[in-house]
Amino acid sequence: MDGSVAQTLEDGMMMARQRLVVVGNGMAGARAVEEVLARGGADLFDIVMFGDEPYGNYNRIMLSNVLSGVQDTDGIYINPLDWYADNGITLHSGARVTHIDRAARVVTAENGVQERYDVLLIATGSRSFIPPLDNVRDETGELRDGVFGFRTLDDCTAMMARARTSQTAVVLGGGLLGLEAARGLMTHGPSVHVVHLAQHLMNAQLDVEGGAILRAAMEAMGVTIHTGASTACIELDESGAVAGVRFKDGTVLPCQMVVVAAGIRPNVEVAQRAGLTVERAIVVDNHMRCPDDRNVFVVGECAQHRGQVYGLVAPLWDQAKVFADQVTQRNTGSAYHGSKLATKLKVMGVELASMGLTEPQHPHDEVIRFSETRSGTYKKLIVRDGRLVGGILMGDISKAAYLMQAFDRDSPLPEERLSLLFDLGTPPQKVTLDEMPADAQVCNCNGVTKGAIGACVAAGKKTTKSVMDATRAGMGCGSCKALVGEVVEWFCGGTVEEDLSVHYYVPGIPMTKPELVAAVRAQDLRSVSSVFAALAGGVVDAGSKPALASLLITVWADDYVDERDARFINDRVHANIQKDGTFSVVPEMPGGVTTPADLIRIAEVALKYNVPLVKLTGGQRIDLVGVSKEDLPRMWADLGMPSGHAYGKSYRTCKSCIGTEFCRFGLGDSMGFAAKIERRFRGVDSPAKLKLATAGCPRNCSEAMVKDIGAVAIGNDRWEIYVGGAAGAHIRKGDLLCTVDGEDAAMLITSRFMQYYRENAKWKERTYTFVPRIGLERIRAIVVDDSDGIAAELDAAMERSIAAAYDPWKEATAPKTANQFAEILVPAS
Amino acid sequence: MSDAVAIAIGPLSQIPVGEGRNMVVGDRTLAVFHLHGGAVYATQPTCPHRGGPLADGLTGSHTVMCPLHDRVFDLRTGVGPDCSIAVVPVRVQDGIMLVELATA
């Protein structure tokens, strides 16, 4: 091989490639790099990114959803870590850049990492502004324990932890960020107060009346609002912990935590030290370039363009595009001309849109207003010379898309002003979509235009879901999902294809549950691995295995080939895994009835194995929590009781009240019936857990009306059967399926409903979703009236499943797999 | 880079097909997976997200899903959605698993 030629070529290529170093891995930095990559930047640059936070890149706008528990932290990542690797980007995360040497073109991070650059992009964003109140910081100058900014994922996590132990939380600042913080904190328990310096909430976006409507909505949800309130200092107790907020008038509001949401300040220090021009933020020209140094660019909240510093996401998309056009030289004519501020959002359940001015400024400014305080609907537009210069929409924001576009484009408004506020004579939607220009933004979170969606459809994506996956439209806050669907439909000209994958039972196999059951029967597929081999091209999807196992058990009962690896760990070791990898042991205790002898045995076992927590469960049983996997079989053997099945997607438990034996109101033997139910269905798998209850009278002490199946005694040996109830993450009163005579009839209906559910519910679909999806009438027809003539089949299938069920704790002495409960010690050689 | 040395960690039959087990090798614990089709992989034992026991996870084709919060890692590269795990080379010779552990 001719090494010298190869060497020279490689050198030549190295010379041509430039180093692009990006300081900041937030939404601005990452978006700018995405735009560079989209313009073939991977061939031009070696890209290096520095991020202050130890994570990949996440959508900061979504932090309020994380705080309120609507979304978990996983859902907010824009680019996971492998995105950087896939695109050849070097990421230094958790590395704050402290020094830029413009002469040597080298940046240095706090941890000592240095990188040379040809082109530097500063996207350091901003941080929470912390007013200099007494006690807000501790002796080291850090925010005091119990005082929080609301800016980063770490802020969010720390706030959630603190909120759970706080009685009262105070949010300083009644702007958008403060209100979102308040909304999020509410979900964690404390009573929440918002303290706002101005006379009305969100004074940057709303006028007095809009602020009052928002205040009423928030107060209705339990938030206490203090406007016109000036904070003097944070009060501490004798131990130095946060104890309250003191106002300038001397009054004190006691609290255990304070969230400061008093605005943001751009992070400009590193640029300042490097000698770049900094006014309110780092000054840039129309190419997003520093006037002092043509190798340095700035985008995002740390950039000042024509005197403006932006704190919203939309301007950032435009800036990132201009930067990428310039730096890749794809379009050297590209320039940024500033953004008009318009925003659409949802605060505490109130939808609102705001653009430009909130009050008229000139005597001839025209104001168009509609106000209906009862329903919280408020619309106000400010028109100057026939153009929209300001607007507020609350409650009903159906006209927001049109108005925001008219505002952004400065386009002339129709003479009939009323039509600006309301759809008069309801012009068809198609007209507005026809009129919508290609560069109008459909998704503001991810900056996706109508044109981008059109290009995606033209490239062959014909379903809303595939367009969303490809463009990320609708994947931010989600408020534009419906509009994205309409735009896709419009581009498809009515030929939009329904995305069938939402109906698939598991992602990798394009079949609904009934189709899959038919295929499994037709091809005689009795194990999970045979299903993957026959129907999924041999590709095994880990998450689909338990779903398929559940379906096969229901279809084949005792003829199912049980591959243990297809089970979730709980069903491999017959215990419920806990956050630290230990397990819980719950012995059977039908209807919550036990004996002194059993209690003594449970206590002895708990002592012998040093069980750290003994807890009564919601299902009226005893939970021994924190048990190591190795101890499970020994504990079961010592207990000598059957499994309580408190871990699987299966029949779980049947609660009962005290029934007729002692209760002076009891009408039916709920305890005895619960024991019969438990002994019959224990170990029977189902698509999701089944929690049952029996009640001895309609007082419902055992809460039978909010169970998957509940039987309520109403006297004369009659039982009401309720189905589809829930009182967990979701709350729903069960529907009365029927009233029957005698326990035997009640048991038969319970069985038959359960089997119908087992065969027809989707994986993890609880009865509270299943019953309304199928419809109570339809279920009653099949289960009670046998309208389809399948009752006998359902009953027989259930009997077969009951016969196939067994007590898994017997595996204590007869393990099913090698080292089922053990880790393996490799002997030293 | 430090040297790697192959250490025999016992017969493959100790791990049921499709499952993982923790194996304690000296002062190190490895999660070792035995997939359908015979592939064998070894990784660090805990998930970097919240410390979930990876050996208790469900396996797919070259993947494992942490049992606590469903993060899926590629067993060949260790790459996960927002964090990654260390993988240790492992091969099977005459039914015996050999891992290549870096010497200290």
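These are legends for close-up views of a predicted model with chains A and B.

**View 1. The largest nonpolar core and its best-connected members.** The largest nonpolar core holds 57 residues. Inside it, the residues with the most contacts are A:Ile100, A:Leu120, A:Ile122, A:Ile282 and A:Phe323. Helix α9 (residues 314–327) of chain A gives this core its largest share, seven residues. There is also another core, lying apart from the 57-residue one, and it has 41 residues, including A:Ala181, A:Ala217, A:Met257 and A:Ile392. As a general point, nonpolar side chains in soluble globular proteins tend to be buried together.

**View 2. A:Ile282 and its contacts.** Here we zoom in on one residue of that core. Setting aside neighbours within four places in sequence, A:Ile282 touches A:Ile122, another of the residues with the most contacts in the core. The rest of its contacts are A:Asn267, A:Val268, A:Ala271, A:Thr277, A:Cys290, A:Val298, A:Cys302, A:Ala303 and A:Gln304.

**View 3. A:Arg384, a buried arginine in a strand.** A:Arg384 sits in strand β27 (residues 377–384) of chain A. With a relative accessible area of 18%, A:Arg384 counts as buried because the cut-off is under 20%. Its side chain makes a polar contact of 2.8 Å with the side chain of A:Asp365. Beyond four places in sequence, A:Arg384 is in contact with A:Asp365 as well as A:Leu357, A:Gln361, A:His362, A:His364 and A:Val389. Don't look for A:Cys302 in this view: it is 82 residues from A:Arg384 in sequence and 32 Å away in space, C-alpha to C-alpha.

**View 4. A:Thr554 in helix α18.** A:Thr554 belongs to helix α18 (residues 545–556) of chain A. Buried or exposed? A:Thr554 is buried, since its relative accessible area is 11% and the cut-off is under 20%. A polar atom of the A:Thr554 side chain lies 2.9 Å from the backbone oxygen of A:Ser550. Outside the four nearest places in sequence, A:Thr554 is in contact with A:Gln755, A:Arg758 and A:Glu759.

**View 5. The buried side of helix α21.** In α21 (residues 632–639) of chain A, the buried residues are A:Leu632, A:Pro633, A:Met635, A:Trp636 and A:Leu639. Why do they end up on the same side of α21(A)? They cover an arc of only 160 degrees around the axis, so they are on the same side of the helix. In general, an α-helix has 3.6 residues a turn, so residues three or four places apart point the same way. The elements covering these buried residues include α19 (569–573), β32 (583–585), α20 (596–608) and β34 (622–627), also in chain A. After α21(A) comes A:Gly640, which has a positive phi, near 65 degrees.

**View 6. Where chain B meets chain A.** At this interface, 35 residues of chain B are in contact with 36 residues of chain A. The two chains bury about 2,700 Å² between them, and 55% of that is on carbon and sulfur atoms. On the chain B side, B:Val24, B:Asp56 and B:Leu58 lose the most area to chain A, together 23% of what that side buries.

**View 7. Polar links and strands across the interface.** How many salt bridges are there between chain B and chain A? The count is two. B:Glu19 forms a salt bridge with A:Arg572, with the closest N and O atoms 3.5 Å apart. Across the interface, 14 residue pairs are in polar contact. Strands β1 (4–11), β2 (19–25), β5 (58–60) and β6 (63–65) of chain B each supply at least two residues of the side touching chain A. The largest share of that side, six residues, comes from β2(B).

Terms used: Residues are numbered from 1 along each chain as its sequence is written. Chains are lettered from A and ligands numbered from 1 in the order in which they are written. This is a predicted model: local features need pLDDT of at least 70, side-chain atom pairs count only at pLDDT 80 or more; totals for chains, interfaces and linings use all residues. Side-chain values use heavy atoms; hydrogens and water are left out. Helices (H or I, at least four residues) and strands (E, at least two) are DSSP runs, numbered from the N terminus. Buried means under 20% relative accessible area, exposed over 50%, partly exposed in between (1.4 Å probe, protein chains only). A polar contact is a pair of N or O atoms within 3.5 Å; within protein, one must be able to donate a hydrogen and the other to accept it, and residues adjacent in sequence count only if both atoms are side-chain atoms. Contact means heavy atoms within 4.5 Å. The arc is that of the directions from the helix axis to the C-beta atoms. A nonpolar core is a set of buried Ala, Val, Leu, Ile, Met, Phe, Trp, Tyr and Cys residues joined through side-chain atoms within 4.5 Å. Buried area is the accessible area (1.4 Å probe) that two parts lose on being put together, summed over both. A salt bridge is a side-chain nitrogen of Lys or Arg within 4 Å of a carboxyl oxygen of Asp or Glu.
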